[in-house]
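This briefing covers selected local features of one protein model with a ligand. The points are grouped by topic.

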Amino acid sequence: MTDKTLAVAIIGGGFAGIGAAIRLKQKGIRDFVILERGTAIGGTWRDNTYPGAACDIPSRLYSYSFAPNPDWSHTYSGSNEILGYIEAMTAEFGLGPHFRFGHTVTGLEFDEPAGEWEIAIDGRADRLRARTVVLASGPLANAGFPDIRGIETFEGHKIHSARWDHDYDFTGKRVAVVGTGASAVQIIPELVDRAASVKVFQRTPGWVLPRVNRRTSPLTKELYRRVPAAESLARRAWFYGHESVALGVVWNTPLTRVVELVGRAQLRRQVKDPWLRRQLTPEFRAGCKRLLMTDDYYPALQRENCKLITWPIARIAPQGIRTAEGVEHQADCIVFATGFDVSKTGTPIPVIGRDGRVLAEEWARGAFAYKSVAVSGYPNLFLTFGPNSGPGHNSALVYMEAQIDYLTRAIGTILDRDLRMLDVRRDRQDSYNATMQRRLTGTTWNSGCRSWYLTEDGFNATMYPGFATQYVHQLRTVNLDDYTAVPVAAGAPKPRIAAVS
Ligand code: NAP
């Protein structure tokens with residue numbers, strides 16, 4: 001690592017960090033590093049390798065428009081294929097030399113007189129310095145076992161969905177699965193094929209909608225290879241198709257009932273037993289929690305070796321799971337598909353901004369930012385997947401691409417104009433967030449269910465209340481009126497920038 005000040009430090013080597021690196025390079029900015037705590041690239045797609053791991057957004061849309069892939073094998077891809085796409089992009093754009101693996105960032109502190117961020121890295125006494133920082137650590141990066149009474153007493157094998165143990169052989173085993181969210185509905189159909197028995201512990205049934213997955217024909221691939229405009233047209237079609245779904249999924253409207261009708265029809269078609277159907281019927285508005293897109297989940301639940309348990313978990317015992325009515329369900333292995341430690345309050349790492357302000361304190365009751373990418377008082381720092389940037393109906397990659405393009409423009413401005421600080425104005429940030437929170441009151445996410453989108457107090461710091469088109473549009477230009485731009489003082493020593501390779 002260089003001891004000179006870098007132009008950009010990117011924290012996180014997942015989809016967002018890699019996308020930011022590509023766009024910086026395309027803009028001619030090469031003086032950056034990607035600090036990655038792991039030993040490989042790919043972020044959530046490197047970590048989530050559970051059986052059945054896939055994306056429920058069509059690959060044509062779950063990819064960057066600046067790195068199209070004509071070769072997607074199916075409408076929806078599995079995690080291996082997505083990771084392959086990320087690796088191929090990294091190679092194609094020559095990002096290898098920019099990566100610093102095993103670099104866990106433990107803190108960021110802004111040195112205001114110098115206009116530089118000091119970056120503390122685990123195990124290193126010295127601090128890395130960078131003029132700008134892209135915080136691309138991802139919201140779904142930290143997974144841990146849930147806080148269920150007695151979990152430490154379990155004598156069998158414990159697996160978290162995001163840290164799969166590929167050495168564990170499920171053949172002939174009694175398996176318990178805790179959770180019925182987006183990860184669980186992909187895992188359960190695979191487990192029933194392998195294990196002797198699978199008991200699924202459901203706390204809240206979700207809305208399940210069909211997902212029609214088709215193989216891409218060689219002819220279509222060839223067409224996309226030869227005529228990139230056709231590929232881009234297909235992407236657009238998927239984009240606007242998903243945009244139209246927002247009317248029933250983002251806002252609680254009469255169309256939400258249509259989405260629920262589709263969900264109920266799927267339940268009626270796939271589940272004949274009225275009692276099981278009742279147990280699987282959601283009691284919240286569709287969209288309030290993430291929709292579950294799968295054709296395989298309900299059939300898997302009805303296989304002979306699978307059983308749905310809806311009694312609340314009282315505790316985990318040495319031999320299995322005890323439910324509230326006093327039954328102990330014995331298990332050799334418990335799979336926790338219980339989600340991630342998503343920080344809706346606080347920050348993933350300590351961040352100290354101008355005048356010693358601490359971002360975690362400002363975000364203690366819920367995170368906020370300007371257009372989800374910049375926070376007042378923390379100049380030259382840009383976030384991907386920051387507060388209120390989550391999509392409920394469209395591809396996360398569309399939102400990510402808009403953030404990346406915005407922040408590369410802002411970083412370009414800082415470097416080209418030799419700014420010491422580009423700090424978003426507090427008044428602009430406050431009025432933006434007041435609008436966000438007002439608009440969120442009419443959304444399905446704020447309609448009364450419990451989800452990882454909300455804080456304990458019900459504050460929604462996660463989702464963007466609108467169409468993806470609106471989100472992308474607002475990030476199209478960096479309006480310097482929204483910022484306080486402070487040039488490097490005349491006569492002050494220039495920031496020391498060095499090329500990194
Ligand atoms: P999740 O959506 O947070 O679901 C966690 C599940 O575990 C829920 O059913 C939850 O029940 C249950 N649970 C949590 N703690 C529990 C406890 N102490 N006792 C009993 N049950 C408990 O997590 P996830 O399924 O891993 O998905 C997280 C996010 O990852 C998704 O929202 C999505 O953004 C992303 N994801 C995407 C895909 C994709 O295809 N694109 C696939 C997988 C994941 P409650 O509902 O009652 O809280």
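Ala 364 counts as partly exposed, because its relative accessibility is 48% and the partly exposed class runs between 20% and 50%. The model is a predicted one. The points below start from Ala 364 and go on to the ligand, a buried asparagine, backbone angles, salt bridges and a nonpolar patch.

**Ala 364**

- Ala 364 sits in the loop between H10 and E18.
- Its C-alpha is 8.7 Å from that of Thr 347, and the two residues are 17 apart in sequence.

**Ligand surroundings**

- There are 23 residues around the ligand, and those that come nearest are Asp 56, Thr 180, Ser 183, Thr 204 and Lys 289.
- Two polar contacts go to the backbone: a polar backbone atom of Thr 180 is 2.9 Å from an oxygen atom of the ligand, and a polar backbone atom of Ala 182 is 3.0 Å from an oxygen atom of the ligand.
- A side chain takes part as well, with an N or O atom of Gln 186 at 3.4 Å from a ligand oxygen.
- The protein buries 84% of the 920 Å² that the ligand exposes when taken alone.

**Asn 460**

- Asn 460 belongs to the loop between helix H12 (426–440) and helix H13 (468–474).
- Is Asn 460 buried or exposed? Its relative accessible area is 0%, so Asn 460 is buried.
- The side chain of Asn 460 has polar contacts with two backbone nitrogens: that of Thr 462 at 3.0 Å and that of Met 463 at 3.0 Å.
- Leaving aside residues up to four places away in sequence, Asn 460 touches Asn 388, Gln 437, Leu 440, Trp 445, Asn 446, Tyr 453 and Leu 454.

**Positive phi angles**

- Most residues other than glycine have a negative phi.
- Asn 380 is not a glycine, yet its phi is positive, near 60°.
- Asn 380 is placed in the loop between helix H10 (359–362) and strand E18 (381–383), and it counts as buried because its relative accessibility is 1%.
- Asp 418, also not a glycine, has a positive phi of about 55°.
- The loop between helix H11 (396–416) and strand E19 (419–424) holds Asp 418, which counts as buried at 17% relative accessibility.

**Salt bridges**

- Side chains of opposite charge can pair when their charged atoms come close.
- The count of salt bridges in the model comes to 29.
- Arg 46 and Asp 47 form one of these, with an N to O distance of 2.9 Å. Arg 46 is partly exposed at 21% relative accessibility, whereas Asp 47 is buried at 17%.
- Glu 109 and Arg 127 form another, at 3.3 Å from N to O. Glu 109 is in strand E4 (residues 105–111) and Arg 127 is in the loop between strand E5 (116–121) and strand E6 (128–135), so the salt bridge ties together parts that are 18 residues apart in sequence.
- Both partners are partly exposed: Glu 109 at 31% relative accessibility and Arg 127 at 40%.
- Glu 109 and Arg 127 also belong to a network of salt bridges that links them with Asp 111, Glu 116, Glu 118 and Arg 129.
- Arg 428 and Asp 482 meet in a salt bridge of 2.6 Å, N to O. This pair links distant parts of the chain, with Arg 428 in helix H12 and Asp 482 in the loop between H13 and strand E20 (483–487), 54 residues apart.
- Arg 428 counts as partly exposed at 27% relative accessibility, while Asp 482 counts as buried at 4%.

**Nonpolar surface patch**

- Leu 247, Leu 255, Val 258 and Val 262 make a nonpolar surface patch of about 290 Å².
- Which helix gives the most to the nonpolar patch? Helix H7 (residues 254–270) does, with three residues.
- Val 258 is located in helix H7. With a relative accessible area of 41%, Val 258 is partly exposed, and so it lies above the 30% cut-off for residues in a patch.

Definitions and conventions: Residues are numbered from 1 along each chain as its sequence is written. This is a predicted model: local features need pLDDT of at least 70, side-chain atom pairs count only at pLDDT 80 or more; totals for chains, interfaces and linings use all residues. Side-chain values use heavy atoms; hydrogens and water are left out. Patches are made of residues with over 30% relative accessible area and no salt bridge: like charges are joined within 9 Å, nonpolar side chains (Val, Leu, Ile, Met, Phe, Trp, Tyr) within 5 Å. Accessible areas come from the Shrake-Rupley method with a 1.4 Å probe; for residues, only the protein chains shown count as cover. A salt bridge is a side-chain nitrogen of Lys or Arg within 4 Å of a carboxyl oxygen of Asp or Glu. Helices (H or I, at least four residues) and strands (E, at least two) are DSSP runs, numbered from the N terminus. Buried means under 20% relative accessible area, exposed over 50%, partly exposed in between (1.4 Å probe, protein chains only). A polar contact is a pair of N or O atoms within 3.5 Å; within protein, one must be able to donate a hydrogen and the other to accept it, and residues adjacent in sequence count only if both atoms are side-chain atoms. Contact means heavy atoms within 4.5 Å. A residue is near a molecule or strand if one of its heavy atoms lies within 4 Å of it.
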